[in-house]
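Welcome! Here is a short tour of a protein and its ligand. Have a look at the model before reading on.

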Amino acid sequence: MIRKIGVLTSGGDAPGMNAAIRSVTRSALSNGISVVGILDGYKGLVEGRFIPLERSSVSNLLSKGGTILGSARLKEFVNDDVVAKAAAKLKENEIDALCVIGGDGSFRGAAALTRHGINCIGIPGTIDNDIPATDFTIGFDTALNTIVDCVDKLRDTSASHHRCSIVEVMGNHCGDLAIYSGLSTGAEIIITPETGFDEDTIVEKLNYLEKQGKNHAIVIVSEKIVNVDTLSQKISNKTGFASRVTVLGHIQRGGSPTPSDRVLASRLGEKAVDLILEGIGGHCVGIENNEIISTPIEDALNMARDSKKDFFRLFERLV
Ligand code: F6P
């Protein structure tokens with residue numbers, strides 16, 4: 001019998017996490033289950049930093065970026081004794097099950113806790129969209145909107161100065177933010193983990209585009225692939241474009257979530273509570289073809305990511 005559940009946010013924050021906290025809280029309360037918020041992710045769990053969540057605690061949250069519970073990355077959570085300590089804290093506080101809002105690292109922790117006797121459900125919250133068990137993660141759409149807004153602005157100034165604008169976006173080894181923003185802004189070149197990177201090809205492409213009459217270019221680059229300053233120098237030296245670098249950085253993680261992220265977070269939060277009520281643990285929730293689904297976390301972590309080949313083909317056709 002489930003009487004009390006916990007909810008925490010873990011890893012990099014993502015816009016829409018608050019909407020997920022609200023949904024978990026109110027879905028549980030509607031079922032007569034009380035809710036405890038755990039501060040600062042697994043760190044706060046191990047330290048026993050809990051707060052009660054009522055309906056009013058999650059009022060006016062839908063539009064707020066970040067996470068009211070705070071988030072952290074606790075590397076030590078891969079150690080079984082740390083997980084055991086966390087499970088003991090939950091049992092001590094009579095918390096029967098837990099919703100973990102975060103990315104793949106957070107899901108690993110949720111699976112480990114489930115093995116220690118606490119049913120956990122993972123809710124995908126990360127701007128990276130790098131969890132294969134869901135078409136979209138909470139926060140991706142908002143981050144994408146932020147990038148598109150920035151790139152549109154950069155295009156104005158690049159076009160005025162015959163420049164090549166190199167824009168580095170986040171993604172943590174997943175090219176979704178780059179390919180979606182590239183398609184949305186009509187970027188000239190995208191460099192992602194899926195496309196790979198070859199300096200000479202980039203220079204050749206830019207020279208070709210210039211010959212075709214382009215007076216400026218936008219190059220969107222996924223983080224952790226290439227040193228954007230070195231690339232920029234090369235472009236300035238070997239093409240007719242003067243190059244400038246913009247690293248969008250953590251601005252991509254902030255801001256008010258889009259309606260799409262708010263709705264997704266609300267639907268996923270409700271499903272997580274439903275699973276807990278069914279006595280299920282060690283699963284994560286997701287969306288597939290607009291249906292809310294659930295997958296065992298171990299399977300989700302071993303799934304191959306969609307290579308988005310059709311997106312990259314389309315991008316090349318439209319340049
Ligand atoms: O996972 C979200 C993310 O923003 C990644 O895109 C990025 O690589 C990483 O987190 C940055 O982490 P931190 O905020 O700890 O520097």
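## Polar contacts with the ligand

A polar contact here is a pair of N or O atoms within 3.5 Å. Please keep in mind that this is a predicted model.

With that cut-off in hand, start at Asp128: one of its polar side-chain atoms is 2.6 Å from an oxygen atom of the ligand. Arg253 also offers a polar side-chain atom, placed 2.7 Å from a ligand oxygen. For His250, an N or O atom of the side chain and an oxygen atom of the ligand are 2.8 Å apart. On its own the ligand has 400 Å² of accessible area, and the protein covers 74% of that.

## The pocket and its shell

Where does the ligand sit? Its place is the largest pocket. Around the ligand you will find Arg73, Thr126, Asp128, Met170, Gly171, Asn172, Glu223, Lys224, His250 and Arg253.

If you like to sort a binding shell by chemistry, this one splits into 5 charged, 4 polar and 1 nonpolar residue.

## Two domains

How is the protein chain divided? Domain 1 is made of 4-139 + 257-302, while domain 2 spans 141-254. Taken over C-alpha atoms, the domain centres are 34 Å apart. Domain 1 brings 14 residues to the contact, and domain 2 brings 14 residues.

Both domains take part around the ligand: the shell draws at least three residues from each of domain 1 and domain 2.

Technical notes: Residues numbered from 1 in each chain as written. Predicted model: local features only at pLDDT ≥ 70, side-chain atom pairs only at ≥ 80, totals over all residues. Heavy atoms only, no water. Near = heavy atom within 4 Å. Polar contact = N/O pair within 3.5 Å; in protein donor to acceptor, adjacent residues only side chain to side chain. Areas by Shrake-Rupley, 256 points an atom, 1.4 Å probe, with all protein chains shown as cover. 1 Å grid on protein atoms, 1.4 Å probe; cavity = no way out; pocket = protein on both sides within 12 Å on 5 of 7 lines; lining within 4 Å. Sits in = over half its atoms within 2 Å of the grid points. Nonpolar A, V, L, I, M, F, W, Y, C, P; charged D, E, K, R; others polar. Domains from an automatic or database assignment. Contact = heavy atoms within 4.5 Å.
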